[in-house]
Amino acid sequence: MADKIFRVNMTDLTASVEEVPAAWAAHGGRGLTSTIVAAEVLPTCHPLGPNNKIVFAPGLLSGTIAANSGRLSIGAKSPLTGTIKESNAGGTASALLARAGCKALIIEGQPKEDKWYSLALTPDGVMINEETELIGKGNFAVVEALATRLEGKPGIITIGQAGEMRMSAANVSIKDPDGGLRSSGRGGLGAVLGSKKVKFITIDPKDGKVVIAKPDAFKEANRVFAKALVDHPVSQALGQYGTNVLVNIINESGGLPTRNFTQGQFEGHDSISGETMHDTIEQRGGRVKHNCHPGCVIQCSQVFNDAKGKKMTSGFEYESIWAMGADCCVDDLDKIAEADRLMDDIGVDTIETSVAMGVAMQAGVLSFGDGAGVCRILKEEVAKGTGLGRIIGNGAGSVGRAYGVTRVPVVKNQAIPAYDPRAIKGIGITYATSTQGADHTMGYTIATNILNVGGKVDPLTKEGQVELSRNLQIATAAIDSTGMCLFIAFAALDDEKCLPALIDLINARYDLSLTADDVVNLGKYILKTERAFNTAAGFTAMDDRLPEFFYNEKLPPHNVVFDFTGEEIDTFWDF
Amino acid sequence: MPSCAKKGSTSQGEGSLQMKITVKLFAYFRDNRFKIEQREIGGETTVGDIVDSLDIDREEVGVLMINSRHTEFDVHPAEDDVLAIFPVVGGG
């Protein structure tokens with residue numbers, strides 16, 4: 001069936017199905033959400049007001065049999081950063097939206113009355129239903145209730161209490177094939193959905209299918225593409241150890257942010273490492289390998305059980321474990337897993353909230369290493385919307401302001417992730433220049449700075465970092481449009497058959513003749529579109545900087561600072 | 001201050017001059033080997049020699065570090081150096 005734009009107006013409580021405008025036809029995923037937000041959202045609007053819009057777009061290849069194509073992009077103006085935002089996640093929703101013939105779902109306006117709603121999307125359009133039973137409930141309760149309430153296995157997109165309360169660290173959760181949750185984590189998009197009084201969205205494609213223009217060419221391209229992924233040693237390592245394998249290598253490199261970014265190595269690193277997690281999972285009968293969406297051949301996720309063999313959490317990622325582990329100095333994987341589960345249920349970004357906890361520890365609200373305290377604050381304060389809970393639920397910058405802390409690791413008010421920019425300078429450029437605030441996936445220089453993938457660039461000197469970040473940010477923006485998981489990038493950087501096969505897949509799906517140059521131009525277009533939105537929203541080059549302490553405080557063990565001048569950082573945009 | 005690791009071929013008198021270094025293995029390299037070990041090496045021993053002596057296929061090596069800095073197969077570790085050997089890994 002031909003793809004359409006599904007539009008829901010929460011002011012009038014109406015929904016419509018529209019033709020795809022020509023300017024949007026070639027886009028998907030992040031390219032589409034950013035194009036729509038830039039076209040329809042006033043850059044100076046209040047992100048929690050009626051003039052913001054939230055856009056859900058499957059990728060160009062979502063809903064097909066292409067390996068690893070199940071990512072859903074969600075975009076809006078971010079209440080955390082004030083910039084344009086795109087955050088993508090796995091789960092089943094992307095493929096189901098694509099099969100329902102939905103190129104993008106746009107939710108706009110805001111209900112005037114204090115009532116809550118849910119949306120039900122099918123190929124015929126969107127039904128808006130009033131919702132009362134599940135308001136105030138966590139994400140797991142929503143998924144469980146809907147399993148009995150609804151027939152079949154619809155896709156589910158949901159917000160927890162944090163999103164309902166419009167906290168800036170609120171995420172959007174997407175149900176995975178096993179009933180677990182994947183998170184569209186960064187930038188507070190859960191608060192935007194909450195500001196429109198939408199608690200959850202269900203997706204039922206009925207017997208809708210994605211039509212491939214050239215099915216034989218598609219199958220052949222997928223064969224080459226999937227093989228490139230499966231053959232690459234990073235894919236294999238990810239399946240065995242998950243992303244948490246990074247704890248030990250980043251610790252060894254001296255760039256693991258520890259104790260609220262005061263050290264580059266964590267004494268307790270062994271207890272929270274991927275190796276320890278792997279052994280613990282096996283001992284307790286969990287699952288070492290797990291995919292977050294059907295068709296993923298890398299399977300980097302896992303199922304982590306408690307000491308009694310009961311499932312505690314899944315999607316137990318390096319970022320989450322680093323943040324609660326090294327940054328907050330909690331060296332107990334079980335405490336971290338409990339906190340991870342709580343954050344998934346309440347619906348807050350594990351990076352933002354955990355870094356916020358680290359700033360709170362700096363402020364003396366609780367002690368570094370107090371894992372029980374972290375869980376208590378999540379359960380009793382954040383989930384219940386107390387004063388302290390709202391300060392923490394609004395992110396690291398919010399805690400810093402409330403308590404007068406200067407060591408606050410954020411860029412454009414978004415918390416810095418699991419790599420210290422002083423010891424890994426390439427990622428510092430990405431943090432500073434990304435259109436989305438401090439973000440590691442936007443231009444993952446770690447691959448080349450630390451992991452020797454796609455070449456080698458010394459992490460401790462300035463040379464080559466701006467170019468590295470630029471090339472990766474351009475490529476990533478393009479990949480984020482395809483619905484592909486970013487982890488295909490490891491194979492794409494090393495195996496010269498991979499990227500051409502990806503382009504062949506897009507060409508066969510839509511009967512196009514795109515080249516590698518077109519992919520690069522798509523990436524550049526996306527970054528420039530996003531930057532133009534930010535400029536109109538009031539951002540300048542002065543916002544492309546790291547917090548003051550990174551320039552002055554030397555990070556042990558290398559005793560390094562971030563020493564790029566503003567002029568040097570600004571050369572990033574020379575394209 | 002980290003010890004300096006020397007690149008290229010250096011003769012230190014007799015090849016029997018022994019130095020103590022620490023070797024750390026990660027991920028599946030630990031299987032049937034060890035996590036961390038002290039060992040004595042001669043002045044002419046390279047990182048590559050150590051990898052070979054552990055029966056690790058050089059093709060499988062992803063990252064090598066001495067004292068938290070990236071290093072190469074042809075480097076000669078110095079006294080008290082900490083050598084870390086990682087297979088090819090990735091993440092996010």
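**Figure 1. Chain A of the predicted model, overall fold.** Of the 575 residues of chain A, 61% count as buried. This is a predicted model. It scores ipTM 0.93 and pTM 0.96. Chain A contains 23 helices and 17 strands. Its C-alpha trace spans about 60 × 50 × 50 Å along the principal axes. A compact globule with 575 residues would have a radius of gyration near 25 Å, and the 22 Å of chain A agrees with that. Contacts that reach far along the sequence are common here: 72% of those between residues at least 6 apart join residues at least 24 apart.

**Figure 2. The largest nonpolar core, centred on Phe225(A).** This core holds 197 residues. Four of them touch the most other members: Ala104(A), Phe225(A), Ala356(A) and Leu505(A). Which residues does Phe225(A) contact, leaving aside neighbours within four places in sequence? Ala66(A) and Ala67(A) are two of them. The others are Cys498(A), Ala501(A), Leu502(A) and Leu505(A). Leu505(A) thus appears both as a contact of Phe225(A) and in the group of four with the most core neighbours. In soluble globular proteins, nonpolar side chains tend to be buried together.

**Figure 3. Leu378(A) in helix α13(A).** Leu378(A) is found in α13 of chain A, residues 371-382. Is Leu378(A) buried or exposed? It is buried, because 24 other C-beta atoms lie within 10 Å, and 20 or more is the cut-off for a buried residue. Leu378(A) touches Ala339(A), Leu342(A), Met343(A), Ile346(A) and Ala383(A), not counting residues up to four places away in sequence. Take Ala339(A) from that list. Leu378(A) and Ala339(A) are 39 residues apart along the chain, but their C-alpha atoms are separated by 7.6 Å.

**Figure 4. Helix α16(A) and its surroundings.** Helix α16 of chain A covers residues 425-433. How many of its nine residues are buried? Nine of nine are, and the helix is mostly covered. The buried set includes Lys425(A), Thr430(A) and Thr433(A). Gly426(A), Ile427(A), Gly428(A) and Ile429(A) are buried too. So are Tyr431(A) and Ala432(A). These buried residues pack against one strand element, β16 (410-411) of chain A. They also pack against the helices α17 (446-449), α18 (465-479) and α23 (566-570) of chain A.

**Figure 5. Strand β7(A) between two partners.** Strand β7 of chain A, residues 117-122, pairs with β12(A), residues 198-203, in the parallel sense. Five bridges join β7(A) and β12(A). In this pairing, Ser118(A) has Phe200(A) as its bridge partner. With β8(A), residues 125-130, strand β7(A) runs antiparallel, over six bridges. Here Tyr117(A) is bridged to Glu130(A). A hairpin of two residues joins β7(A) to β8(A). Strands of a sheet pair through backbone hydrogen bonds, either parallel or antiparallel.

**Figure 6. The open sheet of chain B.** Chain B has one helix and seven strands. From the N terminus on, its elements run β-β-β-α-β-β-β-β. Five strands form an open sheet with mixed pairing, in the order β3-β2-β7-β4-β5. Strands β3 (36-42) and β5 (69-70) of chain B stand at the edges with a single partner strand each, so one side of each is left without a neighbour in the sheet. Strand β4(B), residues 61-66, pairs with β7(B), residues 82-87, in the antiparallel sense over five bridges. Met65(B) stands opposite Ala84(B) in β7(B). Of the 92 residues of chain B, 30% count as buried. Among its contacts between residues at least 6 apart in sequence, 68% join residues at least 24 apart.

**Figure 7. Confidence along chain B.** The mean pLDDT of chain B is 88, and 83% of its residues reach 70 or more. Over residues 8-14 of chain B the pLDDT is below 50. Beyond near neighbours in sequence, this stretch has six contacts in the model. Where pLDDT is low, the predicted coordinates should not be read in detail.

**Figure 8. Where chain A meets chain B.** Here 29 residues of chain A are in contact with 17 residues of chain B. On the chain A side, the elements giving two or more residues are α7 (233-241) and α8 (246-253). Helix α7(A) gives the most, with six residues. The chain A side divides into 17 nonpolar, nine polar and three charged residues.

Technical notes:
Residues are numbered from 1 along each chain as its sequence is written. Chains are lettered from A and ligands numbered from 1 in the order in which they are written. This is a predicted model: local features need pLDDT of at least 70, side-chain atom pairs count only at pLDDT 80 or more; totals for chains, interfaces and linings use all residues. Two strands pair if DSSP finds at least two bridges between them. Helices (H or I, at least four residues) and strands (E, at least two) are DSSP runs, numbered from the N terminus. Two residues are in contact if their C-beta atoms, placed from the backbone, lie within 7 Å. Ala, Val, Leu, Ile, Met, Phe, Trp, Tyr, Cys and Pro count as nonpolar, Asp, Glu, Lys and Arg as charged, and the others, Gly among them, as polar. A residue is buried if 20 or more other C-beta atoms lie within 10 Å of its own, exposed if 12 or fewer, and partly exposed in between; C-beta atoms are placed from the backbone. pLDDT is the predictor's confidence in each residue, from 0 to 100. A nonpolar core is a set of buried Ala, Val, Leu, Ile, Met, Phe, Trp, Tyr and Cys residues joined through C-beta atoms within 7 Å. The radius of gyration is taken over C-alpha atoms; the globule rule is 2.2 Å times the number of residues to the power 0.38.
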